[in-house]
Amino acid sequence: MVLNLLSPNLSRLGLWASVVILIVSILKLFSLLVRRQKLARALDSFPGPPTHWLFGHALEIQKLGSLDKVVSWSQEYPYAHPLWLGQFVGFLNIYEPDYAKAVYSRGDPKAPDVYDFLLQWIGKGLLVLDGPKWFQHRKLLTPGFHYDVLKPYVAIFAESTHLMLDKWEKKASENKSFDIFCDVGHMALDTLMKCTFGKGDSGLGHRDNSYYTAVSELTLLVQQRIESFQYHNDFIYWRTPHGRRFLKACQIAHDHTDQVIKQRKAALQDEKEQKKIQQRRHLDFLDILLGVRDESGLKMSDADLRAEVDTFMFEGHDTTTSGISWFLYCMALYPEHQQRCREEIREILGDKDSFQWDDLAKMTYLTMCMKECFRLYPPVPQVYRQLNKPVTFVDGRSLPAGSLISMHIYALHRNSAVWPNPEVFDPLRFSPENVSGRHPFAYMPFSAGPRNCIGQQFAMSEMKVVTALCLLRFEFSLDPSKLPIKLPQLVLRSKNGIHLHLKSLGSGK
């Protein structure tokens, strides 16, 4: 009897729920169509490559060789062209210095259509913040990257590098090429663990290795989500196997960060531990974050702490891994430049056992080679913004507020109008006389303008120490049967790794 009475009510409830879902879906589709019309109208004055009726340019972008495909498009469409990921997300893809200056000399926010995909992982840290809170965090964090803070890190960079090089001695003795990318990634994470959390000198533990695996998984999943428009909707994405993998990896990363912050906070309650921290030869990033206060004297919240730590670990780990790995590939590809760098490093080191901070500024040829490598293989090949006010470009074309911008750094760095013979590896492009006459927005490996990379001095210092020690210990050469295949995954990776032959040079002196 009761079931008979409930049955019509349940049917009506189900019908109403279906109607509500249908109305919400129609409203969502309508808002997407309106937004698409606005984006299409804004991009109307910019011709570009033909689009697929459903996928836009996504199918081309997902293919191997997509980076060089965009370079070919840049030659056909000077300055910029539309780039559609599906039918509802459209960017103006720019790769010309004056166009870059028009946008990146301002402080426009990161494009939420891309960077919101990172929120579940890194939270609202400096990378994705906007407005007054971004300015406040930038101001609070800047002292953490001062030269006086970075100087003691040189010894930490060297410690982690020597651990990696000792492993490479064993691998090199087998007289076979091997993939350096994974080892460099573990070394970069080991370094960050010490610089961020004050980890000991014994290398990564099991929990840290799980964290490394989770971060690698997350960068891959985010890139795949950006390129796959069917994953752009949160409601759909979190219910797919892809989305569940992302949440699982997020949990591992968050558990690791939360545990370390909790342990440090507990340690700071103990007077003996406080004295140990004060007597340490360097402050780590977490010490600095726990000590900063805003104008009101308030400390960072736990949520802000985790967001900034996760952001620093994400940005500081994968980018340096990519930069170091591709640099060593370039050294193997161009042995004459490798040898000249090695000779410069030996001369700087002399009879000393280790590098000092002041030595880094003396590595002039190595630095030019590194910059040329970052021109050809930028660690972050593409970044995105959303205009918060209209912009007019140098050729008179304009975009309204709300438009999405893709800054294709890889294509910018191979723009033949700026870089003669762009595919040629020529470190002298970065000699003082050549740099002085170049457009300031022609070279953007660390982005540019007020929202440039806050950690670029940290990254460059680490990469100089690591690569110098690598060149002292080994001679690098290519494996012609396993040449790397460029693959953008937020950072520039290789689909098949970076396989090199290493020949030990003994003590490295």
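Helices here are DSSP runs of H or I at least four residues long, and strands are E runs of at least two, both numbered from the N terminus. With that settled, here's a quick tour of what is a predicted model. α22 (456-473) is a good thread to follow: this helix helps line the second largest pocket, helps line the largest cavity, and lies across two strands of a sheet.

**The second largest pocket**

- About 230 Å³ of space sits in this pocket.
- Its lining takes in 13 residues, and those nearest the centre are K371, Y443, P445, F446 and Q456.
- Two helices, α19 (364-376) and α22, each put at least two residues into that lining.
- Which helix gives the most to the lining of the second largest pocket? That's α22, with 3 residues.
- Sorted by class, the pocket lining comes out as 8 nonpolar, 4 polar and 1 charged residues.

**The largest cavity**

- Now for the enclosed spaces: the count is 4 cavities of 30 Å³ or more.
- The largest cavity has a volume of about 830 Å³.
- As many as 46 residues line the largest cavity, with L127, E315, T319, V380 and C453 lying nearest its centre.
- Plenty of elements chip in with at least two residues each, among them the helices α5 (112-115), α7 (131-141) and α11 (206-227), plus the strands β4 (382-386) and β9 (486-489).
- The largest share of the cavity lining is from α16, a helix spanning 302-333, which hands over 9 residues.
- By class, the cavity lining splits into 29 nonpolar, 10 polar and 7 charged residues.

**The three-stranded sheet**

- This one is an open sheet in the order β3-β11-β8, and the pairing is antiparallel.
- β3 (178-179) and β8 (474-478) are the edge strands with a single partner each, so one side of each has no neighbour in the sheet.
- β3 and β11 (residues 499-504) run antiparallel and are joined by 2 bridges.
- Looking for a specific pair? D179 has H499 in β11 as its bridge partner.
- Helix α16 packs on this sheet and touches β8 and β11, with its direction at about 80° to that of β8.
- α22 also lies across β8 and β11, running at about 90° to β8.

**The four-stranded sheet**

- A second open sheet goes β1-β2-β7-β4, this time with mixed pairing.
- Its edge strands are β1 (80-85) and β4, each pairing on one side only.
- Direction ignored, neighbouring strands in this sheet are turned by 30° against each other on average.
- β1 and β2 (residues 89-94) run antiparallel, with 6 bridges between them.
- Within that pairing, H81 stands opposite N93 in β2.
- Helix α3 (residues 66-76) packs on this sheet, where it touches β1, β2 and β7 (404-408), and its direction makes about 140° with that of β1.
- β4 is worth a second look: this edge strand also supplies at least two residues of the lining of the largest cavity.

**Aromatic pairs**

- The tally of aromatic pairs comes to 31.
- Take F157 and F458: their ring centres are 5.5 Å apart and their planes sit at 85°, so the pair counts as edge-to-face.
- F157 belongs to helix α9 (residues 153-172) and F458 to helix α22, so this pair ties together parts that are 301 residues apart in sequence.

**A long-range meeting point at R397**

- Where is R397 found? This residue is in the loop between β5 (391-392) and β6 (398-399).
- R397 and F46 are 351 residues apart in sequence, yet their C-alpha atoms are 8.3 Å apart in space.
- Leaving out residues up to four places away in sequence, R397 touches S45, F46, P47, P78, Y79, Y99, V391 and T392.

Terms used:
Residues are numbered from 1 along each chain as its sequence is written. This is a predicted model: local features need pLDDT of at least 70, side-chain atom pairs count only at pLDDT 80 or more; totals for chains, interfaces and linings use all residues. Side-chain values use heavy atoms; hydrogens and water are left out. On a 1 Å grid over the protein atoms alone, a cavity is a set of points where a 1.4 Å probe fits but cannot get out, and a pocket is an open set with protein on both sides within 12 Å along at least five of seven lines; lining residues have an atom within 4 Å of a point. Grid points are joined across faces, edges and corners, and a volume is the space filled by probe spheres set on the points. Ala, Val, Leu, Ile, Met, Phe, Trp, Tyr, Cys and Pro count as nonpolar, Asp, Glu, Lys and Arg as charged, and the others, Gly among them, as polar. Two strands pair if DSSP finds at least two bridges between them. Contact means heavy atoms within 4.5 Å. Axes are lines fitted to C-alpha atoms, for helices over the stretch in contact, and angles run from 0 to 180 degrees between N-to-C directions. Rings of Phe, Tyr and Trp (its six-membered ring) pair if their centres lie within 6.5 Å; planes under 30 degrees apart count as stacked, over 60 as edge-to-face and the rest as tilted.
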